[in-house]
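The following note sets out several points for a colleague who is examining this structure at the bench. Please read the points alongside the sequence and the model.

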Amino acid sequence: MVIGIDLEDEAFEQDVRELLMAFYPGAGFVYEEKLSDADILVTGRFLNSNGAESGMYILDVQKAENNDALEGGDDKDNTSGEDKMDKGSGAGRIPGEPDAGREQSRDWREVFFWVSPVIRRGLAEAEENLPFAVNRSERKEMKNRIKRRLYFLLMLETKKELPWGALTGIRPVKIPEEKLSLGWNDERILGFLEEDYLVGEKKRKLCLEIAKEERSLLGGLDAMKGYSLYVGIPFCPTTCLYCSFTSYPIGKWKGRLGEYLECLQKEFIMVREWAGKEKKLQTIYIGGGTPTSLPEKELKTLMEMVHRTFSTDSLKEFTVEAGRPDSLNQEKLRILKAYGTGRISINPQSMNQKTLDLIGRRHSVGQVKEVFYAARKEGFDNINMDIILGLPGEGEEEIRHTLDEVRALGPDSLTVHCLALKRAARLNVEKQQYTDYPMASGEMLDELVDLAAERAGEMGMKPYYLYRQKNMAGNLENVGYACEGKACLYNIYMMEEKQTIVACGAGSVSKRVYPDGRIERCENVKDVASFIERIDEMIERKRKLLED
Ligand code: SF4
């Protein structure tokens, strides 16, 4: 599937593209002279292009006629030119949705008979698709109007409704959070999420619930007076099939780990100098990759470096993402505990051995349990587990099994991810090899998300942070659940951009949060060899971000 985007105001392109990706996962995009290659063309124009502030806007979604890609084939036809476009709302099939063709040929009133009055009204307007009024000086409102109309046009085209409506972006909780701080009541916030972003009822309520939980968790802390430290260890025992993070097999870097740690130490010293006595270190998060893939000696060195460099007097939380069970042993757990780690993650992703083997985790279900009990024995009373919904070959039965096994272990928090596949992930690149392993999507995935939420509730947990990613299965969300007192503050600071996060290590991103809410970022290079070579440049970039 190839989608052409031709908008008069390119500033909205990213949002429009994200919404299109949500309706057509895996689609490619073309612009300008390549527009004739498109299977679907989205055009947007101001009707009075003389620069007047208020005027009318027309948005259109046109579909190529007789296009194989729309009929479920992977390759698009070679037809090109204007005549390829047809103002159709007729029969095309969305790849991966076998009954989409039948649905598409039906009238939307039959398909969307349950929808709310807001959605019904929008669909009726989109069916006529008359130009609508916009005000160019109200950029945000104009963007939202365009996105809403596009959303309804795509609903008509695909006969699909999205759980998050026209809301794009990875931090939806920021919206209710901001409204709560303005003193809005629940009813007004929920109405706003429905009217302005067309968010479905379930997600509206979840979003508001999490915003309230976050406010109560952060209530007594002065985030602006402190900062958080992120340390990236971009190594793993092996690379998982779905991985889209900065991660390299540890075996290949064994000989240069000392150099990597030396670079981290240099970054730490710069951070300590910047923080001085005034800025208090509130949380530390060592992530990756898998930090515990470091051998015992290097892991101990890293923990010593952290303690030698930073004062932990004001520290509220110290997390190490142990992650892969095949990277842990009793000695490493002892080291983590001895150096004050309070929270660790032991992430099974699935408790089905067949799936673990398929996704290249190279550890057994038994190992997950052994490591979990070993961590409890070592005194860890805040253990998180991550699971992923939508892995190949996993349906309701497999997810129920995973959730039952996790519940039997009794972690203190649970993070439920929906699979997000970047283009470069092996599972995406080699997808032809995995056609025998269907991946849950759409309504089925939504049901699995509900099931996981129900199980988390049964384990005494509440949802406390949420984020979305691009290319996410079902266009859903990742949710962190935690028992009382076990939520991860760093996760909230990071997701809600409430505090400056200073990040060290290859591929890490530092983020400075200003008192007026403005945010500036700087990135370290991802490649480990370049990071080592260019460490002084990385440090200078960070210094500039933090001090300017
Ligand atoms: S453990 Fe995480 S970071 Fe490491 S390879 Fe697997 S998905 Fe990637």
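1. Glu497 sits in the loop that links helix H18 (489-496) to strand E17 (500-504). This is a predicted model, and in it Glu497 has a positive phi of about 55° although it is not a glycine. Most residues other than glycine have a negative phi. Is Glu497 buried or exposed, or something in between? Glu497 counts as partly exposed, because it has 17 C-beta neighbours inside 10 Å, and 20 or more would be needed for a residue to be buried.

2. Leu198 also deserves a check of its backbone, since its phi is positive, about 60°, although Leu198 is not a glycine. Leu198 belongs to the loop between helix H7 (186-197) and helix H8 (201-218). Leu198 is buried, because 24 other C-beta atoms lie within 10 Å.

3. Which residues does the cis peptide bond join? The bond is between Gly288 and Gly289, with omega about 20°. Most peptide bonds are trans. Gly289 is placed in the loop between strand E10 (280-288) and helix H11 (296-309).

4. Gly288 and Gly289 are also among the residues that surround the ligand. That shell further includes Cys236, Thr239, Cys240, Cys243, Phe245, Ser247, Thr290, Gly323 and Arg324. By class, the shell has four nonpolar residues, six polar residues and one charged residue.

5. Pro325 lies in the loop between strand E11 (317-323) and H12. Pro325 is buried, because 28 other C-beta atoms lie within 10 Å. Leaving aside residues up to four places away in sequence, Pro325 touches Ile346, His363, Gln367, Val368 and Val371. Pro325 and Ser530, by contrast, are 29 Å apart in space, C-alpha to C-alpha, and 205 residues apart in sequence.

6. Two of the residues touched by Pro325, Val368 and Val371, are buried residues of H14, as are Phe372 and Ala375. These buried residues are on the same side of H14, because they cover an arc of only 105° around the axis. An α-helix has 3.6 residues a turn, so residues three or four places apart point the same way. On the other side of H14, Gly366, Tyr373 and Lys377 are exposed. The cover over the buried residues of H14 includes helix H12 (330-338), strand E12 (343-346), strand E13 (383-389) and helix H15 (396-409).

7. The length of H14 can be checked as well. Its 13 residues (365-377) should span 18 Å at 1.5 Å a residue, and the end C-alpha atoms are 19 Å apart, which agrees. After H14 comes Gly379, whose phi is positive, near 100°.

8. H15, with 14 residues, reaches 20 Å from its first C-alpha to its last, close to the 20 Å expected at 1.5 Å a residue. Its buried residues are Ile399, Thr402, Leu403 and Val406. Why are they placed on the same side of H15? The reason is that they cover an arc of only 95° around the axis. Glu397, Asp404 and Ala408 are exposed on the other side of H15. What covers the buried residues of H15 includes E13, strand E14 (413-418) and helix H17 (442-458). Gly410 follows H15 and has a positive phi, near 75°.

9. At the level of the whole chain, the domain assignment gives domain 1 (2-158), domain 2 (174-217) and domain 3 (221-547). The C-alpha centres of domain 1 and domain 3 are 37 Å apart.

Key: Residues numbered from 1 in each chain as written. Predicted model: local features only at pLDDT ≥ 70, side-chain atom pairs only at ≥ 80, totals over all residues. Near = placed C-beta within 6 Å. Nonpolar A, V, L, I, M, F, W, Y, C, P; charged D, E, K, R; others polar. Domains from an automatic or database assignment. Helix = DSSP H or I, 4+ residues; strand = E, 2+ residues; numbered from the N terminus. Expected span 1.5 Å × (residues − 1). Buried ≥ 20, exposed ≤ 12 C-beta atoms within 10 Å, placed from the backbone. Arc of directions from axis to C-beta. Contact = placed C-beta atoms within 7 Å.
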